[in-house]
Amino acid sequence: MTARERLGQLRTKFGSAIRRADVPGDHRLFVYVESCALKAVCRYLFLDLDARYVVSIGADDRPYSGGFLLAHDFAFDADHLLCSVLTHLPAENPKADSISGVVPAANWAEREIRDLVGIEPVGHPYPKRLVLPDGWPENAHPLRKDAPWNEVPAGFDPEREFQFDDPPEGCIVVPFGPFHPTLDEPAHFRLFIEGERVRGCEYRGFMVHRGIEKLAESVLTYNDIPMMAERICGICGCVHNVAYAQAVESAAGVTIPPRAEYIRTIMLEVERLHSHLLWVGLACHIVGFDTLFMQSWRIREPLMWAAEKISGNRKTYALCLIGGVRWEITPELALELRQVLDRLETEWRAVAAAVSLDKNLQKRTRGVGVAGPALVKSAGLIGPVARAAGVEIDCRRDHPYAAYDRVEFNVITADGCDVWSRVVVRMNEVFESVRIVRQCLEKMEPGPLQSPVAAELPVGRLGLSSVEAPRGESHHFVITGENNRPRRWRVRAPTYQNLQAVPAMIKDQQIADMTISLGSIDPCFSCTDRIETIDLKSGETRIWTQEELIRNLRP
Amino acid sequence: MLSLSKLKEAWLCLKAGRVTLPYPARGRPAPARFRGRPVFDAAKCIGCAGCANNCPAREILVCDLCQEIRVLQYLGRRCTYCGRCADVCPEKAITLSLDFETATDRIGDLRQRLDLFMSTCQRCGRCFKETSWLDQLKLKGYRFDDVQNERWVLRSRACLESEPAVDDLKIDLDGP
Amino acid sequence: MNLPRILLGGLANLGLVMIVAPACEGLLRKVTALIQSRRGPPLRQAYFDLLKLLGKEDLESGQAPWVQRFAACLSPATALTVACLVPMGFPAPLNGVGDAILLIYLLTLSGIGTLLGGLAAGSTYSLVGISREMMTMIALEPLFAVTILAGAVHTGSLRVNQVLDGSVYATAGFPWSGLVLFGVILVSFQAFVQRAPFDIAEAETELMDGPLMEYSGPKLALFRYAQMMRLVVYSALFVGLFVPWGSGLAFPIGWLLFWAKVLGVVLLVTVVAATHARYRIDQAIRFFAGLLAAALGALLLASYGH
């Protein structure tokens, strides 16, 4: 079904509740609805039409349209369609019906909108503070246009504490994080333990919230933002770099030269390779198997050198600008990349063969961290977590971008729904990525790397972009704006969705399996926490005093 | 316990030999295109401030002391080595060296300062032609009749005032 | 009860164990690095680590500081006492003073040292760690006790020198019970020395070092030293029980042979530790329960003279 046909379905069902629709092509649909019909439209899309929920976005549109903008993004993977349902809300006391009752996956997104933009989700099942630090005053919403990007609001109270939920009967509380050897980034999981079993979990995160979206709206410009987007994550930075550039290019109608598309594809797959090899090593380290950890990273290292030779840095490739890419892959570099990949593939086959026979590792990972297809649908899980449950979704095939429509590859799935299946999926995706890079290197024609951007970008256009990060779908939403910068830029990293399912995955499992379950979604907390905050000195990250640490560690 | 798969794994490891290097005892040079610390060549620089305008981290500051003298300072504290300054420089005065060992306990060590004697087109006051419209929007040429407004190319002053740690840098915000 | 002989022997054993233990740890780390394609730390690294820890400030954190101090001293003390009870190339100095039952108790006591340490610290993770340690101890110590008893049944004596001289093989016919016990202890040996796949109580990535979480500085040095010494002492016990051949040779050949065998055991521990992932506590307990059944079967065989 094309975008127009889906629009036709919506019009038939909702008639006059649909105020306006923009169909920029066969693969994008923007529908503006009345705010009272928003929940019904979302329910229809999610339950009746079986769309996948992506993210909810709130924007302060008061300087332009006089009110707030609320959007819910959905994806029709089989139709290759990304769809956004938008509504305008009044400037005074904006609120809308919460869709979390119907779409459990929207839980965090609505809480985030409430914290940062101030749109109240009416009827939300768990309206607790999500993103803002504990001491932030109420009614100070950082992403509003009148909130400064570099000042702490009056009323900030550094002594205020977060009210945690009470543990269920008979459980002790074991804090997991914010400091823990397995977590590279801070996050706080409050585990409710009975004996050795986890009975429940509460998450308090967003401790590395850096104010990226606010900076993009206030201080940076279109071509500065890719450098910042890349630093959203240390492992999947290129994904955010490319997704942002694509969102702006889609909004503004800029097409990039084919060679640039191939180069973007190659670097994205190089990134996927390095990320999966890193992850397999990390998963083994978590279960105490350091030798395989070292071996995975040894096999991965030549790839990092190749990336350094192509882009100038092992990881932060600084690849995209609006209109193209910055680095050329010369014939010598292409040859070297092929050699590296050949060697990597041979060694990885041996490792994969050895690991698939390893009973010791499988004992720790089978039946652990289970997330079945029902959880995948309701929590909107994506990436290897979904594919390990047999749900075949992959943005490279479902919403093709860059050069993915010109290469052939398989979408790897497994059926076990557990950590072991995720290991298998990631190990096999390595081979597919190698295949894609080889095809790109063959099919690339010489040509320019950048399209000239001849005029100022049009203002007020919306752009959506979904890129398959190693962890899942990374979705960017952009509204182009004045002064050479976007009006709104929302980043939804894959871990944002996958983390929401962790309490369900670890329930009734043993505490020893907590880390490997968490590790199996390949969490990237830096990707998850990237919206606004304030000045660097006080309040941005919560500094835990020694007595708070001691109090939290003792039962 | 030492089953076949374990023996296979052990064999894979031993076959690889030792791969770690004795760094920093022995240095390891970076490859040709590596983006290290930027080096500014004062002889080639024409003072267009394109680098300052396009630095995502706002670490390049420009100040006009008078009509003919422009001071360009690369502070280098939050530099992310992205290379945008080198990209947009019309005179190729900025090169990203292969130097990555830039740790220091004195922040002034990273600074590079260029004092430039400016001469401009008498008709339009501009220094060069920009490539993309997006970059053009950010370029401000030196116009000698607009010294008041064009004092600092840096867009926001907050990050300067709130960083007293920069003790050996005297940035005179309201100077001549 | 020749006092100077006891003192001299005791000093020799103690000195040897204290000097060799960090070297064995260094060897373990170096061989692990080799298996992992790394250079690894120098062999002297364990000595440096201990010296560094001893030089740090002795922070008092945890619920009961004096119990923590006591536990930190108890751990190496028991390991050293056991060292005096084990023949290391020549008869054990404390041979007449204690017998094999004392040996079993002392080994249990060293485990209790860790338990006390974790309990006194009182933080959530150390409590979870000691509960795992307790479960492991309950499953493991009987295995060792059964082995000693089987040896005692064969030789009819509980004296340490006799028990730790291949007593399990001392049957008239083919030593079935000895072989079964050899297999049992070999397979569970990693748990005795707290290495992968059975380093469950101190799983760094799960429990942040479990019972030892609240320790730093000199107290941590003592616990770590105790761990290193336990590796050597347990290896010596293993060699004495199951690989005794050549122990009767004259000094220094017998003595050198003994230490070569201990080194071999340490290398075996290293290789197994480097190539295995950690098991979960319930999987480990099930495993040990199976082994205990086998060991009891072997004891039964021993009592019938096989």
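Let us start where chain C meets chain A: the contact takes 25 residues from chain C and 28 from chain A. This is a predicted model, so please read every position here as part of a prediction. On the chain C side, helix H5 (124–155), helix H8 (204–207) and helix H11 (281–303) each supply at least two of the residues that touch chain A. Which helix gives the most to this side of chain C? It is H8(C), with three residues. Sorted by class, the side of chain C that touches chain A has ten nonpolar, nine polar and six charged residues.

While we are in chain C, have a look at helix H9, which covers residues 217–242. Helix H9 of chain C has 26 residues and reaches 37 Å from its first C-alpha to its last, close to the 38 Å expected at 1.5 Å a residue. H9(C) is also mostly covered, with 24 of its 26 residues buried. As background for following any such helix, an α-helix has 3.6 residues a turn, so residues three or four places apart point the same way.

Another stop in chain C is Gly111(C), which you will find in helix H4 (residues 100–121). Is Gly111(C) buried or exposed? Gly111(C) counts as buried because 22 other C-beta atoms lie within 10 Å, and the cut-off for a buried residue is 20 or more. Leaving aside neighbours within four places in sequence, Gly111(C) is in contact with Glu133(C) and Met137(C). For a sense of distance, the C-alpha atoms of Gly111(C) and Leu74(C) are separated by 9.8 Å, and these two residues are 37 apart along the chain.

Now move to chain B. Its secondary structure comes to five helices and five strands, and along the sequence they follow the pattern α-β-α-β-β-α-β-β-α-α. Of the 176 residues in chain B, buried residues make up 24%. How are the contacts of chain B spread along its sequence? Taking those with a separation of 6 or more, 71% are between residues 24 or more positions apart.

Chain B also touches chain A, and this contact takes 31 residues from chain B and 35 residues from chain A. Helix H1 (4–16), helix H3 (84–88) and helix H4 (133–136) of chain B each supply at least two residues of the side that touches chain A. Here H1(B) gives the most, with seven residues. The residues on this side of chain B divide into 14 nonpolar, eight polar and nine charged.

That brings us to chain A itself, which is divided into domain 1 (1–127) and domain 2 (212–528). The centres of these two domains of chain A, taken over C-alpha atoms, are separated by 26 Å. Where they meet, the contact takes 20 residues from domain 1 and 19 residues from domain 2 of chain A. The elements giving two or more residues to the domain 1 side include strand S2 (28–33), strand S3 (52–60) and helix H4 (107–116) of chain A. S3(A) gives the most to that side, with six residues. By class, the side of domain 1 that touches domain 2 of chain A has twelve nonpolar, four polar and four charged residues.

Several of those strands belong to an open sheet of five strands in chain A, with the order S1-S2-S5-S4-S3 and mixed pairing. At its edges are strand S1 (18–25) and S3 of chain A, each pairing on one side only. The twist averages 15° from one strand to the next. In general, strands of a sheet pair through backbone hydrogen bonds, either parallel or antiparallel. S2(A) and S5(A) run parallel and are joined by five bridges. To see one pairing, find Tyr32(A), whose bridge partner in S5(A) is Leu86(A). Helix H1 (residues 3–14) of chain A packs on the sheet and touches S1, S2, S4 and S5 of chain A. The direction of helix H1 of chain A makes about 170° with that of S1(A).

Our last stop is Ala260(A), in helix H8 (residues 258–286) of chain A. Why does Ala260(A) count as buried? The reason is that Ala260(A) has 26 C-beta neighbours inside 10 Å. Not counting residues up to four places away in sequence, Ala260(A) touches Gly324(A), Val325(A), Leu449(A) and Gln450(A). The C-alpha atoms of Ala260(A) and Gly170(A), 90 residues apart along the chain, are separated by 59 Å.

Conventions. Residues are numbered from 1 along each chain as its sequence is written. Chains are lettered from A and ligands numbered from 1 in the order in which they are written. This is a predicted model: local features need pLDDT of at least 70, side-chain atom pairs count only at pLDDT 80 or more; totals for chains, interfaces and linings use all residues. Two residues are in contact if their C-beta atoms, placed from the backbone, lie within 7 Å. Helices (H or I, at least four residues) and strands (E, at least two) are DSSP runs, numbered from the N terminus. Ala, Val, Leu, Ile, Met, Phe, Trp, Tyr, Cys and Pro count as nonpolar, Asp, Glu, Lys and Arg as charged, and the others, Gly among them, as polar. The expected span of a helix is 1.5 Å times one less than its number of residues. A residue is buried if 20 or more other C-beta atoms lie within 10 Å of its own, exposed if 12 or fewer, and partly exposed in between; C-beta atoms are placed from the backbone. Domain bounds come from an automatic or database domain assignment. Two strands pair if DSSP finds at least two bridges between them. Axes are lines fitted to C-alpha atoms, for helices over the stretch in contact, and angles run from 0 to 180 degrees between N-to-C directions.
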